Amino acid sequence: MDLKNKNVIYVGGFGGIGFCSCKCLLEQGVANLGILDVFEDNEKIGTLQALNKAANVFYIKIDLTDVDNIEHAFTAAHDTMGRFDIVVNGSGIMNEHEIERTIKINLLGVIYSTFAALRLMDKSKGGHGGVIVNISSIVGLDAYGAYATYTASKYGVNGFTRALSDPYYYSQTDVSFITICPSTTETAMIASLRMDAVTTFDRMPPLPKLLCNNQSAEECAHSLVTAIKTAKNGSVWILTSGTLREYNYPDI
Ligand SMILES: NC(=O)c1ccc[n+]([C@@H]2O[C@H](COP(=O)([O-])OP(=O)(O)OC[C@H]3O[C@@H](n4cnc5c(N)ncnc54)[C@H](O)[C@@H]3O)[C@@H](O)[C@H]2O)c1
């Protein structure tokens, strides 16, 4: 997909991966970029706007723990843009002591946000189709004991996103779904874990190999944007050490 003149919604666009991805999207010439996030950040909006003066960059508050607010945010964004071509669900938290909040933001938030976007994009309901990109994690593909609840939320995102990519729905909605699974990426989320790793138990098993392959937020963002441009409906992508590769689930 050529990103030039496309309309993009980025949920979590002020986060580490989100902000870098928004920069890349603007460099690709998107026309409208709506950032939906829980707190406003005018400095980041200014930085993004300066990258592409022709684009319309705007902020709308969304709190993924509040279903009504999610619906309201998507309706307001749609009123501003007219149509969505790409919606990225890129918010998330990692704190094993906040079990309900983790599931609410990482899984239920993604589910409700996806349905709110789909309602406005579905071709069979007057929309124009497009792509919905859900950010999971490498631990959405392979469990890691130190973050059991976070792992559960990300397995949920993978299952949910792949389920919606069923060709039966795609043929009616013209909305495709892709799942993004980054390995460890240097953002505030990881920095805060280094300060205080709030893990499943008070002991931490050794890191699996793939989680040792750190990458910068810029590298992750670059791979994410490449995936958006090239990925087919239902595909699942591993983003690690600045590389991008498709993951194929084994046949059962
Ligand atoms: N950093 C990593 O190593 C890594 C690895 C794999 C997957 N991920 C995933 O990538 C995504 C982005 O992570 P990041 O590392 O950039 O984290 P980050 O902490 O920098 O950003 C998280 C974003 O989520 C938003 N958010 C938090 N609570 C919210 C709420 N209630 N409603 C709406 N938005 C809310 C924050 O405002 C922020 O914009 C998350 O889904 C995360 O799970 C991160």
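**Ring pairs and a ligand site**

The count of aromatic pairs here comes to 6, where rings of Phe, Tyr and Trp (its six-membered ring) pair if their centres lie within 6.5 Å. This is a predicted model, so local features need pLDDT of at least 70 and side-chain atom pairs pLDDT 80 or more, while totals for chains, interfaces and linings use all residues. Residues are numbered from 1 along each chain as its sequence is written, and side-chain values use heavy atoms, with hydrogens and water left out.

Me: Why is the pair of F14 and Y59 called stacked?
Reply: Planes under 30 degrees apart count as stacked, over 60 as edge-to-face and the rest as tilted. F14 and Y59 have 20 degrees between the planes and 5.6 Å centre to centre, so the pair is stacked.

Me: What makes the F14 and Y59 pair tie parts together?
Reply: F14 is in the loop between β1 (7-11) and α1, whereas Y59 is in strand β3 (residues 56-61), so the pair links parts 45 residues apart in sequence.

Me: How do you know that T187 makes a polar contact with the ligand?
Reply: You need a pair of N or O atoms within 3.5 Å. A polar side-chain atom of T187 sits 2.6 Å from a ligand oxygen, so that counts. For T185 a backbone N or O atom lies 2.7 Å from an oxygen atom of the ligand.

Me: Why are 3 residues of the ligand shell called charged?
Reply: Asp, Glu, Lys and Arg count as charged, so the 3 are of those kinds. The rest of the shell divides into 11 nonpolar and 12 polar.

Definitions and conventions: Polar contact = N/O pair within 3.5 Å; in protein donor to acceptor, adjacent residues only side chain to side chain. Helix = DSSP H or I, 4+ residues; strand = E, 2+ residues; numbered from the N terminus.
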